[in-house]
Every structure is written in structure tokens, then in C-alpha cells.
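Open the model in your viewer and keep the selection tool at hand. Each stop names what to select and then what is there.

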Amino acid sequence: MALAEERQADIVCDDLLLVGEGTHEPESTLFTVHAERLGRIDSPFEVSALKMATDDFGILKPLFRREFLTASGVRYNPAFRAGEDFEMLLRCLLASARMVVSHEALYFYRARRDSLIASPVRCLSQILEMTDALIQDMDAKTHGEIVEALESYRRRKRDELVDARFREPLHAGRWGECLSIAVKNPTMLLRYAAVLGERFLPVGVLLAIAA
């Protein structure tokens, strides 16, 4: 709250302490896990609409200034079951909200086995639906850079979905299903090899060589 008042922010968030299922102590923080993509974060920073579309801070748990929500009329879209936080935050930023993120990790985030995020194929499919809807609603002439960033975000999520569709039966030991997916998508063999390499390094290397 002090940070929100200091920066006159409409939205304020912090880093997340990631807590595994069945444990009580955080294993890491979100910004640490994604340090390669986000860079070093050691002070509060502002997030613009373009930065949101590029870096994706949708998983953060924001506090909103009530006056902003009342004046802007921005609300969660109940049609989205995944990516709804990203969508709302982006719409807030497009409505001139000021968003500040603290480098401190204060929120404990536990990923439960029965949560939506624990079902990557379903979650990513719904995120892609949300992204498609955002892009269709966006005026490319007014928000060209943001549309380009969203299209890049969509490509990244599609790649993650390709991996997830292969990883899901792999982790369940459904080898026949994995083979069927690989046969139907020969252009994806390098990606499947990388997924295999996460679990069975020699097999992944051999597939990569064969591809």
C-alpha cells in the first residue's frame, strides 16, 4: 500500500513466493525462476501495456485502486477461465492505469495438483482463446506494437501447447500415444526430442540426431 501511494499507482503487485504441493516453505520466487527472460529485478518497476504483452505479468496478484475500476469500468471477463488476469490487466493499462510491481516477494503462491494450471493442455488452450479474442478486439493502427507483442505471445503459447500435448502422455507413461503424436507431426520432432531430453537425456539426443 505504501508503494502504491508513493508511486500514485492504480495497480500494485509483488513477486511471488512459490510453494510446492505438500510443502510449507517457498522453493523460489517467480522472478528468480524467470530471471533469464525478465532480467535482474532489484527495485520496483512500472509495467506499461506493451511490457505486459511482452513479459506477461498476468500471474501476479494485484491490488486495484477502487476509484480507477469505478471510473474505467474495466472488469474481469467471465468468458475466460485461463488468462483472465492477463486480459484484465492489459485492458486496465490500455485504459491508462498506472501499474507498479515491487521486487519484494510477499505473496505465497501454491500450485495445487487439481488446479487449472496443473492441466497445461487445457490451460494453454484457453489462454490461446483469450489471446485470439484480445487480438481481434485490438485496433492494430492505434496499438500496433501491442498487437505485435500479443502475436509473439500467442506463438510462444502455441509452442508451449505443442510441448504440453507431448509431455502429458509422456509423464503418464502412455508411450503409444507419444509415438502416435510424433508420427503425425514429423516437423515437431526436434521439439519432442527436447521434451524427452528433460527426462531421458540419451533418448532425446538420439531423436535430435535422427531428426
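The tour of this predicted model goes from a strand and its partners to a helix and its contacts.

**Stop 1: strand β1**

Select residues 11-19, which form strand β1. This strand is mostly covered, with 9 of its 9 residues buried. Keep β1 highlighted while its partners are added.

**Stop 2: the antiparallel partners of β1**

Add residues 28-29, strand β2. β1 and β2 pair in the antiparallel sense, over 2 bridges. For a landmark, label L17 of the pairing and look across to T29 in β2, which stands opposite.

Now add residues 63-64, strand β4. Its pairing with β1 is also antiparallel and has 2 bridges. Here V12 faces L63, the residue opposite in β4.

**Stop 3: strand β5**

Select residues 99-110 for strand β5. Does β5 run parallel or antiparallel to β1? The two run parallel, joined by 9 bridges. Label two of the pairs. L18 has Y109 of β5 as its bridge partner. V19 has R110 of β5.

Add strand β3, residues 45-47. This strand runs antiparallel to β5, and 3 bridges join them. One pair to label is E46 with its bridge partner V100 in β5.

**Stop 4: E104**

Stay on β5 and pick E104, which lies in this strand. Is E104 buried, partly exposed or exposed? Its relative accessible area is 44%, so E104 is partly exposed. Show the surroundings next. Leaving aside residues up to four places away in sequence, E104 touches D14 and D15. Draw a C-alpha to C-alpha distance from E104 to D14: the value is 5.9 Å. In sequence, these two residues are 90 residues apart.

**Stop 5: helix α6**

Move to residues 84-94, helix α6. How many of its 11 residues are buried? The count is 8, and the helix is mostly covered. Colour the buried set: D85, F86, E87, M88, L89, L90, C92 and L93. Then step past the helix to S96, which follows α6. The phi of S96 is positive, near 75 degrees.

**Stop 6: E87**

Return to α6 and select E87, which lies in that helix. Its relative accessible area is 3%, so E87 is buried. Show side chains and add R91. A polar contact of 2.5 Å joins the side chains of E87 and R91. Now expand the selection to the contacts of E87. Not counting residues up to four places away in sequence, E87 touches N77, F80, M130 and L134.

**Stop 7: α6 against α8**

Keep α6 and add residues 144-171, helix α8. How far apart are the axes of α6 and α8? They are 14 Å apart, and the packing angle is about 170 degrees. Angles over 145 degrees count as roughly antiparallel. α6 and α8 are therefore roughly antiparallel to each other.

Show the side chains at the contact. From α6, select F86, L90 and L94; from α8, select I146, L150 and Y153. Colour the residues of this contact by class: 6 are nonpolar, with no polar and no charged residues.

**Last view**

Show both regions together. In one, β1 runs parallel to β5 and antiparallel to β2 and β4. In the other, α6 packs with α8 at about 170 degrees. End with the two glutamates labelled: E87 is buried, whereas E104 is partly exposed.

Key:
Residues are numbered from 1 along each chain as its sequence is written. This is a predicted model: local features need pLDDT of at least 70, side-chain atom pairs count only at pLDDT 80 or more; totals for chains, interfaces and linings use all residues. Side-chain values use heavy atoms; hydrogens and water are left out. Buried means under 20% relative accessible area, exposed over 50%, partly exposed in between (1.4 Å probe, protein chains only). Helices (H or I, at least four residues) and strands (E, at least two) are DSSP runs, numbered from the N terminus. Axes are lines fitted to C-alpha atoms, for helices over the stretch in contact, and angles run from 0 to 180 degrees between N-to-C directions. Angles under 35 degrees count as roughly parallel, over 145 as roughly antiparallel, 65 to 115 as roughly perpendicular and the rest as oblique. Contact means heavy atoms within 4.5 Å. Ala, Val, Leu, Ile, Met, Phe, Trp, Tyr, Cys and Pro count as nonpolar, Asp, Glu, Lys and Arg as charged, and the others, Gly among them, as polar. Two strands pair if DSSP finds at least two bridges between them. A polar contact is a pair of N or O atoms within 3.5 Å; within protein, one must be able to donate a hydrogen and the other to accept it, and residues adjacent in sequence count only if both atoms are side-chain atoms.
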